[in-house]
Amino acid sequence: MTVRIGVIGTGAIGREHIERVTRTVSGARISAVADLDTAAAEKAAARCGARVAASGAELIGADDVDAVLVASWGPTHAEHVLAAVAAAKPVLCEKPLATTVADCRRIMAAEQRLGRRLVQVGFMRRYDPGYREVKRAVEDGRIGRPLLMHCAHRNRSAPLAYTTEMAAQDSAVHEIDAARWLLADEIVSAQVVLPRSTSRRHPHLADPQVMLFETAGGVRIDVEVFVNCQYGYDVQCETVGELGLIRLPDPARPHLRAAARAGTEIDQGWGERFSAAFDAELRAWCDSVAAGTASGPSAWDGYAATAVAAATVEAQRTGGVVPVAVGERPALYA
Ligand code: NAD
Ligand code: ISE
């Protein structure tokens, strides 16, 4: 069976996903695309032989769409995901699942009424080979009981539209999910410390930021988010345990010795750095749609990450330690 995918949002990541499904994922094709920007939708459709749907709602309800990929702006995710669940169609939603905790709860309630999982959230780091190796080492006890985690999330530069809040909601949300997943633990508090800002930023933005999280089990996590670091796209993660530590490897790149220097190149964007992760994520999602069994990060994971990001935004405003209480995990997400 070929899975027919409808994509909502043909911007930066929507186009990457369309390209991937079309060129590297077997057993799936893009049948329809929708975007508020009709010209962008038409261009994307022409590249993959899909039709242009009149709207996200029309695409979700259409007979030529078996599964939905949501790659539109964050605040529109909840509406599309809820419509996909109402139509009983599997949906891969880019992060965040929704921009409010209330919308995440609505999505979980809809899935629970249906009695089965349809939603996967685009936390692609869970498919990155390096992160997966770290997860195996933490699980098999090689570093002993985890105590600390040190992370950095650096982007070369951030556009004018990028806000101080987005450092939590858009960027650190990846570390929030990765930490929950690696440690199999929930985050219970958030705090933000602001050093002086780089002069290489738009004036409204606090950059860099240091975010501090604590898990229910007592692990402390620090995350440096620095979205105008200038030198490249750099994601670091080190987990310290009672017996040792494990650090995310840098992407494998040839070692170059020239012009009196030795070293390796650094990736410049998320598409490059997490290319293998996106490939694996999309293959796994398409396979799960074909098999009729949901896998990967769930609506619960999307909800927990949004709840922690919301507390982090409050911590930016107050300067205090803000508690997070995600509550009991419903049986559907056990
Ligand atoms: P973008 O602005 O480049 O593209 C978004 C597109 O969605 C635009 O073309 C816009 O016209 C369209 N759109 C917005 N609302 C719509 C609606 N209601 N119906 C149809 N089309 C709509 O943004 P982007 O960088 O591609 O980001 C999109 C999403 O992907 C965001 O949620 C972002 O957080 C996420 N993202 C994830 C990663 C990752 O590393 N996993 C990287 C980049 C972006
Ligand atoms: C963007 O939306 C992403 O998800 C990228 O992975 C992240 O590095 C960037 O900071 C976000 O804005």
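Helices here are DSSP runs of H or I of at least four residues, numbered from the N terminus. The model on display is predicted.

**First selection: ligand 1.** Select ligand 1 together with its shell, which comprises 24 residues. The closest of these are Gly-9, Gly-11, Ala-12, Ser-72 and Glu-94. Helix H1, residues 12-23, supplies the largest share of this shell, with 3 residues. Coloured by class, the shell around ligand 1 shows 10 nonpolar, 9 polar and 5 charged residues.

**Second selection: residues 3-123.** An unreviewed UniProt entry annotates this span as "domain: Gfo/Idh/MocA-like oxidoreductase N-terminal". The chain is 44% helix and 21% strand over residues 3-123, and the C-alpha atoms at the two ends are 21 Å apart.

**Third selection: helix H9.** Proceed to residues 275-291, the 17 residues of H9. From first C-alpha to last, H9 reaches 24 Å, close to the 24 Å expected at 1.5 Å a residue. Which residues of H9 are buried? They are Ala-277, Phe-278, Glu-281, Leu-282, Trp-285, Cys-286 and Val-289. These residues lie on the same side of H9, because they cover an arc of only 155° around the axis. The spacing reflects a general property: an α-helix has 3.6 residues a turn, so residues three or four places apart point the same way.

To see what covers the buried residues of H9, display H1 and the strands E1 (3-8), E2 (28-34), E4 (67-70), E5 (91-93) and E6 (119-121), which are included in that cover. Just after H9, Gly-292 adopts a positive phi of about 70°.

**Fourth selection: residues 131-246.** For this span, UniProt lists "domain: GFO/IDH/MocA-like oxidoreductase", again in an unreviewed entry. Residues 131-246 are 23% helix and 34% strand, and their end C-alpha atoms lie 10 Å apart.

**Fifth selection: ligand 2.** Display Asn-155, Asp-170, Ser-171, His-174, Val-227 and Trp-270, which surround ligand 2. The largest share of this shell, 3 residues, comes from helix H7, residues 166-183. By class, the shell around ligand 2 divides into 2 nonpolar, 3 polar and 1 charged.

**Final selection: Glu-238.** Centre the view on strand E11, residues 234-241, where Glu-238 is located. Is Glu-238 buried or partly exposed? Glu-238 is partly exposed, because 14 other C-beta atoms lie within 10 Å, whereas a buried residue would require 20 or more. Leaving aside residues up to four places away in sequence, Glu-238 touches Met-149, His-150, Leu-245 and Arg-247. A distance label between the C-alpha atoms of Glu-238 and Ala-152 should read 9.3 Å, although the two residues are 86 residues apart along the chain.

Terms used. Residues are numbered from 1 along each chain as its sequence is written. Chains are lettered from A and ligands numbered from 1 in the order in which they are written. This is a predicted model: local features need pLDDT of at least 70, side-chain atom pairs count only at pLDDT 80 or more; totals for chains, interfaces and linings use all residues. A residue is near a molecule or strand if its C-beta atom, placed from the backbone, lies within 6 Å of it. Ala, Val, Leu, Ile, Met, Phe, Trp, Tyr, Cys and Pro count as nonpolar, Asp, Glu, Lys and Arg as charged, and the others, Gly among them, as polar. UniProt positions are given in the numbering used here, feature names are shortened, and annotations may be inferred rather than shown by experiment. The expected span of a helix is 1.5 Å times one less than its number of residues. A residue is buried if 20 or more other C-beta atoms lie within 10 Å of its own, exposed if 12 or fewer, and partly exposed in between; C-beta atoms are placed from the backbone. The arc is that of the directions from the helix axis to the C-beta atoms. Two residues are in contact if their C-beta atoms, placed from the backbone, lie within 7 Å.
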